[in-house]
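This report introduces one protein chain to a reader who has not met it before. Please look over the sequence and the model before reading on.

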Amino acid sequence: MTNSTSTRVTFLGPSASFSHQVRKHGLSWSYNLFYRAPFSETCINKKQAALNSFGKSVKLFPSVSFTQAFSAVQNDSADYAVIPFENSTNGSVVQTLDLLADRQRLYKDVTVCGEYFLTVHHCLIAGKPVTKEEYGSITKLYTHPQAWGQCDSFLTKNFTGVERQDVSSTSKATEIVSKDTTGQTAAIASRLAAENYNAFVLEENIEDRADNTTRFLILRNIQSARTANASVNLADNGVATSKTRKTLISFMIEHSSPGALADALSVFKSHGLNLTSINSRPSMLRPWQYIFFIECEHVPNSSIHNTLEELKSICKSYRDWGTWIDGLPFPGTV
Ligand SMILES: O=C(O)C(=O)C[C@]1(C(=O)O)C=C[C@@H](O)C=C1
């Protein structure tokens, strides 16, 4: 697929999805991933230097689904995958949580090694110019399921009762509507996607909130020697050392035991660890049993290992998804 000297990064395709833009805009995640002490502190462009020090060029390739991106990391055909985890307006990306639940143990070597926050601005896009007065001619809308909830007010105001078609990505939605010159279909996607598929932006910034932001996780294969140096290196003495770390774990508890979840959570409390997210998905073993996902933040070189060992000892099943450098530029901001 690509030559072995390039770093292979997969994203939700086709071109110009938001996942793709993480890599286009987001050298900073590669900065966090690839930052290693050996390169010169005097480099003018440290981000580029980080990439150079990694010694590889980056080859991007699209996956048709998040499932395919997870598989690409597991079977070592991608070094990294960029996967949306949560959106500040619409909440958790359930498809991603279901892959992280990994009920069939298909992704046993997949681990999280970084994160990236992308401000997401949506546009209404069509294959021909349509004025606001003509919106009534649009009978079908296309986008990724996550985007509907991010543009709810706009859709309620302008497109109540109009058919909605889920598609695999916002860029796919744009590709579809770009071929329709009747003015009867429209997509919700980025301006970049409209430009990429020569489609028309009918309206910009249709998201409910101007601060609409999606957090993406960066995945790698824990067995891969190709990316071993890119995992969060807790021994580094560079910029990265001072930044907060995040750790994601998934676990199941004994559901019939009263207080089992409270016991699990109190492990974090007793070690003074702040939880930054908590999610659950059905276990699929029995109705009303859940897999829980917890993220906590901690300072470098903290006793996180002891905390996790304690948690593991009281859980029915347990998985450590990895530790990475907090991607927020400043606490509480994006
Ligand atoms: O469809 C895309 O463009 C994606 O990258 C997926 C995705 C998501 O699943 O959250 C990413 C960012 C936006 O929140 C909307 C869609």
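Which residue in E9 does tyrosine 142 stand opposite? The answer is alanine 187. The model is a predicted one, and the sections below place this pair in its surroundings.

## The sheet

Strand E7 (residues 140–143) is joined to E9 by three bridges, and the two strands run parallel. E9 (residues 185–189) also pairs with E6, again over three bridges but in the antiparallel sense. Within that second pairing, alanine 187 of E9 is the bridge partner of isoleucine 125.

These strands belong to an open sheet of five, ordered E8-E7-E9-E6-E10, with mixed pairing. Its edges are strand E8 (163–166) and E10, each of which pairs on one side only. From one strand to the next, the twist averages 35 degrees.

## Strand E6 and the helix across the sheet

Strand E6 covers residues 123–126. Cys123 and Ile125 point one way from E6, whereas Leu124 and Ala126 point the other way. Are these four residues buried or exposed? All are buried.

Besides its pairing with E9, strand E6 pairs with E10 (residues 200–203) through three bridges in the antiparallel sense. There, glutamate 203 of E10 is the bridge partner of leucine 124. Helix H8 (residues 170–178) lies across E6, E7 and E9, and runs at about 155 degrees to E9.

## Domains and their contact

The domain assignment divides the chain into domain 1 (7–120 + 212–231), domain 2 (123–203) and domain 3 (243–325). Between domain 1 and domain 2, 18 residues of the former are in contact with 13 residues of the latter.

On the side of domain 1 that touches domain 2, H1 and E3 are the elements that give two or more residues. H1 gives the most, with three residues. The residues on this side of domain 1 comprise eight nonpolar, ten polar and no charged.

## The ligand

Where does the ligand lie with respect to domain 1 and domain 2? Both domains give residues to the shell around the ligand, so the ligand lies between them.

The ligand is surrounded by 15 residues, the closest being Ser17, Ser19, His144, Gln146 and Ser169. Two or more residues of the shell come from each of helix H1 (18–25), strand E3 (80–87), helix H6 (145–150) and H8. In composition, the shell has six nonpolar residues, nine polar and no charged.

Definitions and conventions. Residues are numbered from 1 along each chain as its sequence is written. This is a predicted model: local features need pLDDT of at least 70, side-chain atom pairs count only at pLDDT 80 or more; totals for chains, interfaces and linings use all residues. A residue is buried if 20 or more other C-beta atoms lie within 10 Å of its own, exposed if 12 or fewer, and partly exposed in between; C-beta atoms are placed from the backbone. Two strands pair if DSSP finds at least two bridges between them. Axes are lines fitted to C-alpha atoms, for helices over the stretch in contact, and angles run from 0 to 180 degrees between N-to-C directions. Two residues are in contact if their C-beta atoms, placed from the backbone, lie within 7 Å. A residue is near a molecule or strand if its C-beta atom, placed from the backbone, lies within 6 Å of it. Ala, Val, Leu, Ile, Met, Phe, Trp, Tyr, Cys and Pro count as nonpolar, Asp, Glu, Lys and Arg as charged, and the others, Gly among them, as polar. Domain bounds come from an automatic or database domain assignment.
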